[in-house]
Amino acid sequence: MCGRYAASRRPEDLVGLFGVEKWEPTETLAPDWNVAPTKSVHAVLERPLKDAADRRPVRQLRAMRWGLVPSWAKSPEGAAKMINARSETVHEKPSFRRAFESRRCLLPADGYYEWVTGAGERELEEKGRRKRSRKQPYFVTPADGSVMAMAGLYEFWRDPKLPGDHPQAWWVTCSVLTTEAEPEPFATGGVSDGAGPRSLAEIHPRMPLVLPPDRWDAWLDPARTDPAELRSLLALPPAGVVRAYPVATAVSDVRNNGPELLTELEAPEETTLF
């Protein structure tokens, strides 16, 4: 799954990297090393500009809330539960189906956090039952230091309680697609001393679906609406391109935020058996 990530890149850098044509400086977000559900995040998308005579899709960098609210929802109360969409079933779920067909985006990140789950806890989680508290957090990031582009969906929701010209009348929200965790070994191993998990699958059974650059254009193209064609883009990225390392448990508290959260520990703070 993806329940927390880091996004510290400047909008100016994202504009160049993703070929963005339109970006409103008023939507600039501060660097965030502990992005949590319902926070505002940067997303790259393609759609015609509002009120423009030219209706061609324009690649944009937009700010939106993490936690998708379907257009037909009566209220946004369930947004925190809609931060992830399973790539295996996204094409058939009512909450995500329409967005999957025409409102897709990329969510830039430095990487994401995941908490190692013990064997007993994992069994409960896979059965959909309550699990114990999270343990040692790990930060998963591209081994070459590049930006991680997570596949996402976005939606527009109209608040019926507000007038149309109210600045908060329209919500733009998003969700991260997830897939089965990669079982192949990390690019540079796990912890520096050889301890710890050796693959993403040993950390958690799910992971965000990260799209390599050669799939960005196709994923963002709103003219592509065929579910079968779109599902072909959801293949796992190349194996062995990320690394994971333990970070301080301070990241578990959403009130903590700063570059120190990404500092690599020499060893996990808590011992977990593999």
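These questions and answers concern a predicted model of one protein chain.

Reader: How many helices and strands does the protein chain have?
Author: The chain holds 274 residues, of which 47% count as buried. Its secondary structure consists of five helices and 13 strands.

Reader: What share of the contacts with a separation of 6 or more joins residues 24 or more positions apart?
Author: The count here takes in contacts in the protein chain with a separation of 6 or more. Within that set, the share from residues 24 or more positions apart is 73%.

Reader: How much area does the protein chain expose, and what part of it do carbon and sulfur atoms supply?
Author: The exposed area of the protein chain is about 13500 Å². The part supplied by carbon and sulfur atoms is 51%.

Reader: How many residues of strand 11 are buried?
Author: Strand 11 covers residues 170-180. The strand is mostly covered, and of its 11 residues the number buried is nine.

Reader: Which strands run parallel to strand 11?
Author: Strand 5, residues 58-66, is joined to strand 11 by two bridges in the parallel sense, and Arg65 stands opposite Thr173 there. Three bridges, also parallel, link strand 11 to residues 84-86, with Asn84 opposite Val176. The parallel partners are therefore strand 5 and strand 6.

Reader: Which strands pair with strand 11 in the antiparallel sense?
Author: Residues 148-158 pair with strand 11 over seven bridges, and Gly152 has Val176 as its bridge partner. Residues 206-208 pair with strand 11 over three bridges, with Thr179 opposite Met207. The antiparallel partners are strand 10 and strand 12.

Reader: Is Thr178 buried or exposed?
Author: Thr178 sits in strand 11. Leaving out residues up to four places away in sequence, Thr178 touches Met1, Cys2, Asn84, Ala85, Arg86, Ser87, Glu88, Arg206, Met207, Pro208 and Leu209. Its relative accessibility is 3%, and the cut-off for burial is under 20%, so Thr178 is buried.

Reader: How far apart in space are Trp170 and Pro160?
Author: Trp170 lies in strand 11 and touches Phe156, Trp157 and Arg158, residues up to four places away in sequence not being counted. Pro160 is 10 residues from Trp170 in sequence. In space, C-alpha to C-alpha, the distance between Trp170 and Pro160 is 9.3 Å.

Reader: How many disulfides does a search of the whole structure find?
Author: A disulfide is a covalent bond between the sulfur atoms of two cysteines. The search of the whole structure needs a pair of cysteine sulfur atoms within 2.5 Å, and the number of disulfides found is zero.

Reader: Which cysteine has the sulfur nearest to that of Cys105, which is in no disulfide?
Author: Cys105 is buried, with a relative accessible area of 0%. The nearest cysteine sulfur is 5.6 Å away, while a disulfide requires sulfur atoms within 2.5 Å, so Cys105 is in no disulfide. That nearest sulfur belongs to Cys174.

Reader: Which residues touch the most other members of the largest nonpolar core?
Author: In soluble globular proteins, nonpolar side chains tend to be buried together. The largest nonpolar core here has 30 residues. Elements giving two or more residues to this core include strand 4, strand 5, strand 10 and strand 11. The members that touch the most others are Tyr5, Trp66, Leu107 and Met150.

Reader: How many residues are in the other core, which lies apart from the largest one?
Author: This core includes Val44, Ala85, Leu209 and Leu230. Its number of residues is 28.

Reader: Which backbone nitrogen does the side chain of Asp32 reach?
Author: Asp32 is found in strand 3 and is buried, with a relative accessible area of 12%. Neighbours within four places in sequence aside, Asp32 is in contact with Tyr5, Ala6, Ala7, Ser8, Lys39 and Asn257. At 3.4 Å, the side chain of Asp32 reaches the backbone nitrogen of Val35.

Reader: What is the phi of Thr38, which is not a glycine?
Author: Most residues other than glycine have a negative phi. Thr38 is in the loop between strand 3 (32-35) and strand 4 (40-47), and at 46% relative accessibility Thr38 is partly exposed. Its phi is positive, at about 80 degrees.

Technical notes. Residues are numbered from 1 along each chain as its sequence is written. This is a predicted model: local features need pLDDT of at least 70, side-chain atom pairs count only at pLDDT 80 or more; totals for chains, interfaces and linings use all residues. Side-chain values use heavy atoms; hydrogens and water are left out. Helices (H or I, at least four residues) and strands (E, at least two) are DSSP runs, numbered from the N terminus. Buried means under 20% relative accessible area, exposed over 50%, partly exposed in between (1.4 Å probe, protein chains only). Contact means heavy atoms within 4.5 Å. Two strands pair if DSSP finds at least two bridges between them. A nonpolar core is a set of buried Ala, Val, Leu, Ile, Met, Phe, Trp, Tyr and Cys residues joined through side-chain atoms within 4.5 Å. A polar contact is a pair of N or O atoms within 3.5 Å; within protein, one must be able to donate a hydrogen and the other to accept it, and residues adjacent in sequence count only if both atoms are side-chain atoms. Accessible areas come from the Shrake-Rupley method with a 1.4 Å probe; for residues, only the protein chains shown count as cover.
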